[in-house]
Amino acid sequence: MLKTILSRTHLLRTFEPKTASSFYKLQNPTRTTRGVCLGFQQNIRMASNSSDTQKDVKFEDIVEGKVQSPAAYDFRSDTVTTPTPSMLQSILNISIHGDDVFSEDTTTNDLESFIMSLTGKPAACFVMSGTMGNQVSIRSHLTQPPHSIVMDSRCHVFNYEAGGAAILSQAQMIPVKPANGEHLTLEEVKDSIIDSDDIHYAPTRLICLENTINGIIMPLEEIKKISAFAKEKGIKLHLDGARLWNVVAAGGGDLKEIISYFDSVSLCFSKGLGAPMGSIVIGEKEFIGRVRHFRKVLGGATRQIGIATAPARTAIDEIFLGGKLTRTHELAKRLENSWAKLGGKLKFPCHTNMVWLDPASVGVNEREIPIEAKKAGLKWDIERIVVHHQICDDAIEKLEGVLEKLVENAKARDGTQSQELPRMARYSRRVDQDLA
Ligand SMILES: *Cc1c(COP(=O)(O)O)cnc(C)c1O
């Protein structure tokens, strides 16, 4: 039975099933050329800590809980988490492999139903990534151009989705910079929407919010006001809720209540929840019908995708409902305090699992971050520190040591101004790259 399940998935083809408790083994690490498999292997290589001679971590050892996750010392993002033993085990527990294009994959249908009951929305559709979730949502809300979307200038849709809304939805994006440095307000939204039939303009048909944004929680009261305003104007409201789990875990509102103010929400499984992949879009039935259509267009309708939706379900149970996000928020607070003791300021308030240092506030040269981090056996690249559920206590202590070292270096330079890195360095920079 095991062999049948495993042989039906590209993901696991190069692994050989052994026993139920240690169920696969890398047969030949040098010849794992299949995409996903190679991806996993590279992830593990990239994230393996402390030594320059990077070692492979065996999947069977992770499954058996014998080794610490290689993400334990990696502060670059909460996407670097590796699947937990129970997530990997859940793939083996799939009972029926149906075809999700026919809506016959029971594992995927179960996940979608579970999300509907958890969020109170009448329909749900699993998608490959957060980007796909946002893009199919935007495309499904909009109809005939010209049209425009109002959003926070710092948001993912505007900055990190390769201009997708312009490509796929022919939409003009209107980025708005929040004056309070934290979140958009109703007044700013009112000032920014295009509410006119005048032929010079592209009328606003959609508002996109993001919560958390840069780890910041958007106040429920503001969401409520924007939602009421959008309804009154007949403008749709979408939430990029990649990290909405963190909002709920931090006491920023009830999941069902927050979601009730939006026409659609995209939720991510592969960030803080630590699943290997996937997001989900929720909304009204008719809307989700269109989402399924556009998901197909983008090549995101897949077959026996239970291999992804099973660990996604486990991730909700284990990490979100299991309360594991709370520790990540506490550790972020601890790091915020350590930085404050060194005289450092933050770029954004620390509400959840991110600490945004302001390196210039204590003369720290941002370019030294990955270099000092590497010396301490850590992976950390820019002024943003992200804490995820696999970060270990030792890594936190080491990071505090790095913070001290960075400030010491700054003092030794005495007054020399640090140079800020270009904003777009975030996604193009790699830890191993030569930064000297
Ligand atoms: C990561 C992220 C996304 C995109 O998710 P991918 O799975 O990387 O495509 C969307 N929105 C926000 C807020 C994110 O942080």
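Two strands pair if DSSP finds at least two bridges between them. With that in hand, welcome to this predicted model, in which leucine 346 has leucine 357 of strand 11 as its bridge partner. The tour below starts with the sheet around that pair, moves on to the helices, and ends at the ligand.

**The three-stranded sheet**

- Strands 10, 11 and 12 form an open sheet in the order 10-11-12, and their pairing is antiparallel.
- At the edges sit strand 10 and strand 12, each of which pairs on one side only.
- From one strand to the next, the twist averages 40 degrees.
- Strand 10 covers residues 345-348 and strand 11 covers residues 354-358; the two run antiparallel and are joined by three bridges.
- A hairpin of five residues makes the connection from strand 10 to strand 11.
- On the other side of the pairing, strand 11 is linked by three bridges to strand 12 (residues 384-386), again in an antiparallel arrangement.
- If you want a residue pair to look up here, tryptophan 356 stands opposite arginine 384 of strand 12.
- As general background, strands of a sheet pair through backbone hydrogen bonds, either parallel or antiparallel.

**Helix 15, between topics**

- Helix 15 ties this sheet to the next topic: it lies across strand 10, strand 11 and strand 12, and runs at about 15 degrees to strand 11.
- Helix 15 (residues 325-341) also packs with helix 17 (residues 393-413), at an angle of about 25 degrees and with the axes 10 Å apart.
- Angles under 35 degrees count as roughly parallel, so helix 15 is roughly parallel to helix 17.
- The crossing of helix 15 past helix 17 is right-handed.
- From helix 15, the contact uses Leu331, Arg334, Leu335, Ser338 and Trp339, while helix 17 brings Ile396, Leu399, Glu400 and Leu403.
- Sorted by class, this contact of helix 15 with helix 17 holds six nonpolar residues, one polar residue and two charged residues.

**Helix 4 against helix 14**

- Helix 4 (residues 85-92) packs with helix 14 (residues 306-321) at an angle of about 140 degrees, and their axes are 8 Å apart.
- Helix 4 and helix 14 are therefore oblique to each other.
- Helix 4 passes helix 14 in a crossing that is right-handed.
- On the helix 4 side you will find Ser86, Met87, Ser90 and Ile91, which meet Ile307, Ala310, Pro311, Arg313, Thr314, Ala315 and Glu318 of helix 14.
- The contact of helix 4 with helix 14 divides by class into six nonpolar, three polar and two charged residues.

**Around the ligand**

- The residues surrounding the ligand are Ser129, Gly130, Thr131, Asn134, His156, Glu210, Asp240, Ala242, Cys268, Ser270, Lys271 and Ser279.
- Helix 6 (residues 130-141) gives the largest share of this shell, with three residues.
- In terms of class, the shell around the ligand has seven polar, three charged and two nonpolar residues.

How values were computed:
Residues are numbered from 1 along each chain as its sequence is written. This is a predicted model: local features need pLDDT of at least 70, side-chain atom pairs count only at pLDDT 80 or more; totals for chains, interfaces and linings use all residues. Axes are lines fitted to C-alpha atoms, for helices over the stretch in contact, and angles run from 0 to 180 degrees between N-to-C directions. Helices (H or I, at least four residues) and strands (E, at least two) are DSSP runs, numbered from the N terminus. Angles under 35 degrees count as roughly parallel, over 145 as roughly antiparallel, 65 to 115 as roughly perpendicular and the rest as oblique. A crossing is left-handed if the near helix is turned anticlockwise from the far one by less than a right angle, and right-handed if clockwise. Two residues are in contact if their C-beta atoms, placed from the backbone, lie within 7 Å. Ala, Val, Leu, Ile, Met, Phe, Trp, Tyr, Cys and Pro count as nonpolar, Asp, Glu, Lys and Arg as charged, and the others, Gly among them, as polar. A residue is near a molecule or strand if its C-beta atom, placed from the backbone, lies within 6 Å of it.
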